[in-house]
Amino acid sequence: MTPPPPVTERAPSDPPGGLAPEHSGTFDAALGDAELLAARAALAEGRWQSARSLLLHTGDEWDRRGHRTTVLAAGPGAHSLAGQWLLAEPGSADAATLLALALVHRALDGAEDPEHARASCRTAAELAPADPTPWLGLLLLARALGPETELTAAFKELRARHPEHHHGHHLLVAGLAERPPGGPESHEAYDMAEHAAAEAPADSPLAVLPVVAYAERHRVLAAAGLAPAVPGPAPCAHWTGPRARRVLRAAFDWWLEWEHDEHPRRHLDLNHLAFAMSAAGRPAEAAALFHRIGAQATRAPWSYTGQDPWAAFHQARAHALATG
């Protein structure tokens with residue numbers, strides 16, 4: 001059977017919130033970045049020059065560079081093509097970084113020695129000392145393979161280069177969320193996320209990070225059978241305490257005032273907010289977010305339900321649009 005096409009941005013003429021029929025889509029890590037989609041397609045055809053041009057023109061937009069490099073590096077054969085690029089241009093920091101991230105992906109899939117991937121990340125970091133992306137590679141490895149000391153050490157280096165690094169903060173919060181809580185509404189993942197949001201500029205997407213921290217704890221609690229897996233008609237207690245309500249209100253208000261259409265990972269924030277509003281029993285707010293999301297569903301946090309994430313997304317969306 002031919003696999004279904006990836007979810008893509010809908011054209012402006014599509015109705016608000018329009019989606020393909022249920023179960024007809026898949027999640028695409030490119031998140032609608034047209035230039036990235038073109039470079040990834042060229043890489044899949046064995047041509048690395050488009051990736052070179054893309055990363056060159058991305059410059060020091062660190063969130064975008066990290067997003068684009070990570071997506072390109074996940075493609076089949078990316079490590080081989082990045083190696084060819086590096087042979088053609090010895091000393092290229094972009095080629096070394098793409099190779100390092102590709103080896104990270106292979107290590108996470110069990111196809112590469114993690115130490116080789118770590119060494120490649122350090123080599124790339126030496127070639128591009130201001131770029132946080134090689135440290136993102138080390139952070140991805142530490143998040144999946146440990147130890148936790150490497151997670152915090154890599155995050156410290158990454159944050160020193162880009163204090164608002166979106167992907168890096170998500171990874172750290174996910175790791176912290178797995179630590180035991182101090183009480184029903186007390187957890188260091190929440191504290192860290194709120195501190196980062198408070199320190200960031202008013203227009204920073206890190207304003208949504210406290211919601212991400214609650215979603216990561218939801219993942220941990222659902223896996224332990226302590227929270228409902230899929231957001232349903234009844235509000236989930238995890239999302240209805242005083243602190244959770246304050247976090248949701250602040251993040252939703254930020255979205256209404258400051259949402260950045262150009263941020264490369266904005267759809268992750270929108271999906272986290274929609275998940276949270278659905279779980280909190282707030283269908284009106286969830287419906288507004290689902291309309292804004294359109295076809296750009298993301299695997300996280302819908303994969304945290306323990307069920308098929310595409311089905312979980314559609315279930316929550318249908319309930320919100322029917323009642324909100």
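Buried means under 20% relative accessible area, exposed over 50%, and partly exposed in between. With that scale in hand, here is a tour of some close-up views of this predicted model.

**Figure 1. Arg243 and Asp191 join helix α12 to helix α10 through a salt bridge.**
In this view the two side chains meet with N and O atoms 2.7 Å apart. Arg243 sits in helix α12 (residues 242–258) and Asp191 in helix α10, so to speak two distant parts of the chain, 52 residues apart. Asp191 has a relative accessible area of 41%, between the two cut-offs, and is therefore partly exposed. Arg243, in contrast, has a relative accessible area of 13% and is therefore buried.

**Figure 2. Arg159 and Glu199 form a salt bridge.**
Here the closest N and O atoms are 2.8 Å apart. The pair again links distant parts of the chain, with Arg159 in helix α8 (residues 148–161) and Glu199 in helix α10 (residues 188–199), 40 residues apart. Are these two side chains buried or partly exposed? Arg159 is partly exposed, because its relative accessible area is 30%. Glu199 is also partly exposed, with a value of 48%.

**Figure 3. The side chains of Arg179 and Glu188 meet in a salt bridge.**
The N to O distance in this pair is 2.4 Å. Arg179 has a relative accessibility of 22% and so counts as partly exposed. Glu188 is partly exposed too, its relative accessible area being 34%.

**Figure 4. Four charged residues share a network of salt bridges.**
Take a moment to find the members of this network: Arg143, Glu178, Glu216 and Arg219. For the wider setting, the model has a count of 22 salt bridges. Arg143 will turn up again in Figure 6, where this residue of α7 takes part in the contact with α9.

**Figure 5. Helices α3 and α5 pack against each other at an angle of about 55°.**
Helix α3 covers residues 62–73 and helix α5 covers residues 93–108, and their axes are 8 Å apart. The two helices are therefore oblique to each other. Their crossing is right-handed. On the α3 side the contact is made by Arg65, Thr69, Thr70, Leu72 and Ala73, and on the α5 side by Asp94, Thr97, Leu98, Leu101, Ala102 and His105. Sorted by class, this contact has 5 nonpolar, 4 polar and 2 charged residues.

**Figure 6. Helices α7 and α9 pack at an angle of about 15°.**
The axes of α7 and helix α9 (residues 166–176) are 10 Å apart. How do these helices lie, roughly parallel or roughly perpendicular? Angles under 35 degrees count as roughly parallel, and α7 and α9 are therefore roughly parallel to each other. The crossing is left-handed. From α7, the residues making the contact are Leu136, Leu139, Leu140 and Arg143, and they meet His167, Gly168, Leu171, Ala174 and Gly175 of α9. By class, the contact has 5 nonpolar, 3 polar and 1 charged residues.

**Figure 7. Cis peptide bonds precede Pro147 and Pro301.**
In one close-up, a cis peptide bond joins Gly146 and Pro147, with omega about -5°. Pro147 lies in the loop between α7 (133–145) and α8. In the other close-up, the cis bond joins Ala300 and Pro301, and omega is about 5°. Pro301 has its place in helix α15 (residues 299–302).

**Figure 8. Leu31 has a positive phi.**
The phi of Leu31 is near 55°, a positive value in a residue other than glycine. Where along the chain should you look for Leu31? This leucine lies in the segment before α1 (34–44). Leu31 counts as buried because its relative accessibility is 7%.

**Figure 9. Pro228 lies in the loop between α11 and α12.**
Helix α11 spans 209–223, and Pro228 is in the loop between that helix and α12. Which residues touch Pro228, leaving aside its neighbours within four places in sequence? Pro228 is in contact with His218, Ala222 and Cys236. With 48% relative accessibility, Pro228 counts as partly exposed. To place this view relative to Figure 5, compare Pro228 with Thr69: the two are 159 residues apart in sequence and 35 Å apart in space, C-alpha to C-alpha.

Note on methods. Residues numbered from 1 in each chain as written. Predicted model: local features only at pLDDT ≥ 70, side-chain atom pairs only at ≥ 80, totals over all residues. Heavy atoms only, no water. Axes fitted to C-alpha atoms, helices over the stretch in contact; angles between N-to-C directions. Helix = DSSP H or I, 4+ residues; strand = E, 2+ residues; numbered from the N terminus. Parallel < 35°, antiparallel > 145°, perpendicular 65-115°, else oblique. Left-handed = near helix turned anticlockwise from the far one by under 90°. Contact = heavy atoms within 4.5 Å. Nonpolar A, V, L, I, M, F, W, Y, C, P; charged D, E, K, R; others polar. Buried < 20%, exposed > 50% of the residue type's maximum accessible area, 1.4 Å probe, protein only.
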